Structures are given as C-alpha cells and as structure tokens.
Protein chains: 2
Amino acid sequence: MPARRRKSNDDSATRTALLDAAEALMLEEGYAAVTSRKIAAKAGLPNAIHYYFDTMDELFIELFRRGADRSLAQQEEALRSPQPLWAFWDLLRDRKNGDLNTEFVALANHRKAIRSEIAESSRTFRRGQLAALARVLEAPRSATAFRSPEAVVLLLSAVSRFLIMENAFDLDTGHEEVVEFVDQCITEIEGERAGTRQH
Amino acid sequence: MPARRRKSNDDSATRTALLDAAEALMLEEGYAAVTSRKIAAKAGLPNAIHYYFDTMDELFIELFRRGADRSLAQQEEALRSPQPLWAFWDLLRDRKNGDLNTEFVALANHRKAIRSEIAESSRTFRRGQLAALARVLEAPRSATAFRSPEAVVLLLSAVSRFLIMENAFDLDTGHEEVVEFVDQCITEIEGERAGTRQH
DNA sequence: GTCTATAGCTGGATAGAC
DNA sequence: GTCTATCCAGCTATAGAC
C-alpha cells in the first residue's frame, strides 16, 4: 500500500493558507482551538478542510513537518556559525519555536500519529546537535566537566524547555540565576559571546 | 459571591471513587479521556458526576489539589531526610508524579482554571525546595559552582521533567550520561549517596 | 438525596451539489 | 475540481424522575 495518498492539490495556495491559519490558531489559542471550522473561519475561506486534507491527523502532521523543516534549517545554520554553542543556546531559547513545540508535545498525548512524528523528528535534530557539538567539545580549551556532548545537549535542551514552560505559567524564580550559570558554562567551553544577543 | 460553593457531599465515598477513577483514566489514557461518562464507567458507578461536581473544571481542580497535597507531603519528607538533595532528586525522577504532572500541564493549555492552580502550587513547592536547599548549599563542602540554590533547584527540576517527557516518546539519547553527571554534582555537594535508590 | 434522561452544542467526516 | 449540506458521535450541563 502507498505510505500516504498524494493529492493533486498538495501545494495549492489554499492549502498553504489553511496551514498558516492552523498554525496561527495553535499559537494564539492552543491546539484545542485547531478545528476544521475554526481554521476555515480564521483563513476567511470556505470550510473545505476535508477536501485538502483527508483527516485532521494529516493536517497536524503536515503542519508539524513544515515547522520542523524550518527549525532544522535554523539549527543547521546556528551550528555552522563561528560559535555553535552560543548560537544553539540562543536558538533553543527562542520563544516562537518553543511555544509551537509545546503545543505539539501536548497534542501528542492524544493523537498517536503525532507522537511518532515528534519522536522521529527529535532524533534527527539530536543527531545534528551531537555531530556539531562533539567537535566543539573536542577543542583543547574545553573543561573536563563537559566532555560528554550527549549530556551537554540534553542539559541545554532541558533547561530551555523548562524556562519556556514556566514562562507560560508566569513563573520565573531562578530563571536569571540559571541563565547566568549556563552562560558561564558556555563561556568556559567556547569563550565569550561575540556579537549581540537576539532576545 | 462565595469563592467556591461547598456541597454537603464533599467527602462522600462516591466522590472519592470518582476522583480515583478520573486519576486512573488520566494516567492510562491521558486527560482527554477524562470525561464525565468515562469516569462513571471506569468507577462502575452511575453517571452522576454533575451531582458531585458542579463542573468538570471543579473536578479537575480537586484532582490536582489532591495530588499536589500528596506530593507536597512527600517533598517535605524528602527534604527533611539526612541527604535532602539526593532524596529530592530521586523524588523528582519518580515516574508516577511526573506523568500526572505532565497531563495537568497539558490540560492547562486549554483549561484556564487549571493554569492558575498549577502556578500557585508550583510556587509553594519551589518555596519549600529553596528553604531546604539553601541550608544544604551553605555547608562548607559545597563547591563554588553551586552557590545559587535557585539555579540548582531549577536545573534538577528541568532535567527530571525533560527525561520523563522524552521517555514518553521512547527517546533516551544522553539520558544515562546526564544522570551520571547530575549524580556526580550531587555527590560533590552532599557526598556519596547513602542507602539504596528507589528506581 | 441520588440518579436518569435529554437538551443543546461542537466536532470530524462524507455524500453529493454545482 | 471545489465547496456545501448534512450525518452521526461524543461531550457538558440541566431538568426533573424517583
């Protein structure tokens, strides 16, 4: 059987507009607001969601992939920069990616098709991170405490996601302190940050 | 107006049974499966949810508070133990608490009443953690890298939640490494772990 | 006091209109 | 090829049965 039925209208402008509306809804009101009726209303288009997407699962998966592709490109750019660790940390802390991701993780709790999509995508992201950071940590100036790229990548990912999550609940106890701590660690590994912060 | 209407049957056995069923459903199938019909079916009781709870929000809030009270008691016990940092870390990594918490955080995305409940509860937990760990970190043997209790608490919380979340997606790259790293850090601060691990 | 039946809404999917 | 009308399921909440 074919892995996925391909439609003739796979890249129509309408389809893209529907995905854009779905993404906006997801960010503004959460995934629960992403229903066929609301997407069409938001896009100002007739409700023909099921003409463009077989099921809502298909729509969500496509939306996720579109965002993941975008983010992966950003990540590769960051990891190619002169200070990959600083660039990676800044990217992780970027609110826009984090918020969408949070919604998809929540969505995965009750849409199994999304779950495997996220897992597979996460592995791809992690592979790229490890390949790049292994090189950084091999550099002679690296402190011995940070020899394991796996641990460093996981720590940075965990902290950034936690900060974003807590922000959503208006919590910020310890945020400054931990950011300062991470900044110090990165400085030890990669030297002072060159250039300006994005946020 | 009264902040919350109090019912005569606030602690009836039926009410407790319904909360138990709701909790089990939440753990087994996710919060989306926690509907009035399914709770009643799971409990083997007639569907009189709205006799015992005015709204589903009320049920969820009560379920959250029940779990939070239980967890807070566990946390206080852990922080009173001879090795509060080790006990705290073990508690954080306990799957049962983490899984329920994950569901409530997701639920908060589309139930605003839950959001403020979680935020308030988090502040209470964090206060207790900081009070206890500030004492631990004052001890002379503490390495200078861990002077900020806010940062230490946040790091441990972030890492434990991230590990639990990734587990739900069958991801475990770097998990061993980071656990080993945290164990080393705790050993530096609080010495070798005495006694046995719970998991 | 406890539970049942049902109203009223919203959603995904589909048959078929144009 | 594009869109609309409608079906049916599942939910919360309520009115009222017993």
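**Close-up 1. A:D90 and A:R193, a buried pair in chain A.** In this predicted model, both A:D90 and A:R193 are buried. Their side chains meet in a salt bridge, with N and O 2.7 Å apart. The pair links distant parts of the chain: A:D90 sits in helix α5 (residues 84-93) of chain A, while A:R193 belongs to the segment after α9 (175-190), 103 residues apart.

**Close-up 2. A salt bridge between helices α1 and α2 of chain A.** Here A:E28 pairs with A:K42, and their closest N and O atoms are 2.5 Å apart. A:E28 comes from helix α1 (residues 13-29) and A:K42 from helix α2 (residues 36-43), so to speak two distant parts of the chain, 14 residues apart. Have a look at the accessibility of each partner: A:E28 counts as exposed at 53%, whereas A:K42 is partly exposed, with a relative accessible area of 39%.

**Close-up 3. A salt bridge within helix α7 of chain B.** The side chains of B:R123 and B:E120 meet at 3.5 Å, N to O. The two residues are three apart in helix α7 (residues 112-138) of chain B, which means that about one helical turn separates them. Both ends can be found with some surface showing: B:R123 is partly exposed at 31% relative accessibility, and B:E120 is partly exposed at 43%.

**Close-up 4. A salt-bridge network in chain A.** Four residues take part in this view: A:D20, A:E23, A:R66 and A:R70 are linked in a network of salt bridges. For the wider setting, a search of the whole structure finds 24 salt bridges over all chains.

**Close-up 5. The protein surface near DNA strand D.** Residues from chains A and B surround the strand, among them A:P46, A:N47, A:Y52, B:K38, B:H50 and B:M56. α3 (49-52) of chain A and α2 (36-43) of chain B each supply at least two residues of this surface. The largest share, three residues, comes from α2(B). Sorted by class, the surface has five nonpolar, five polar and two charged residues.

**Close-up 6. Polar contacts to DNA strand D.** Start with the phosphates: a polar side-chain atom of A:Y51 lies 2.6 Å from a phosphate oxygen of the strand. In chain B, an N or O atom in the side chain of B:S36 is 2.7 Å from a phosphate oxygen. Turning to the bases, a polar side-chain atom of B:R37 lies 3.4 Å from a base nitrogen. Of the strand's atoms within 4 Å of the protein, 58% belong to sugar or phosphate and the rest to bases.

Note on methods
Residues are numbered from 1 along each chain as its sequence is written. Chains are lettered from A and ligands numbered from 1 in the order in which they are written. This is a predicted model: local features need pLDDT of at least 70, side-chain atom pairs count only at pLDDT 80 or more; totals for chains, interfaces and linings use all residues. Side-chain values use heavy atoms; hydrogens and water are left out. A residue is near a molecule or strand if one of its heavy atoms lies within 4 Å of it. A polar contact is a pair of N or O atoms within 3.5 Å; within protein, one must be able to donate a hydrogen and the other to accept it, and residues adjacent in sequence count only if both atoms are side-chain atoms. Helices (H or I, at least four residues) and strands (E, at least two) are DSSP runs, numbered from the N terminus. Ala, Val, Leu, Ile, Met, Phe, Trp, Tyr, Cys and Pro count as nonpolar, Asp, Glu, Lys and Arg as charged, and the others, Gly among them, as polar. Buried means under 20% relative accessible area, exposed over 50%, partly exposed in between (1.4 Å probe, protein chains only).
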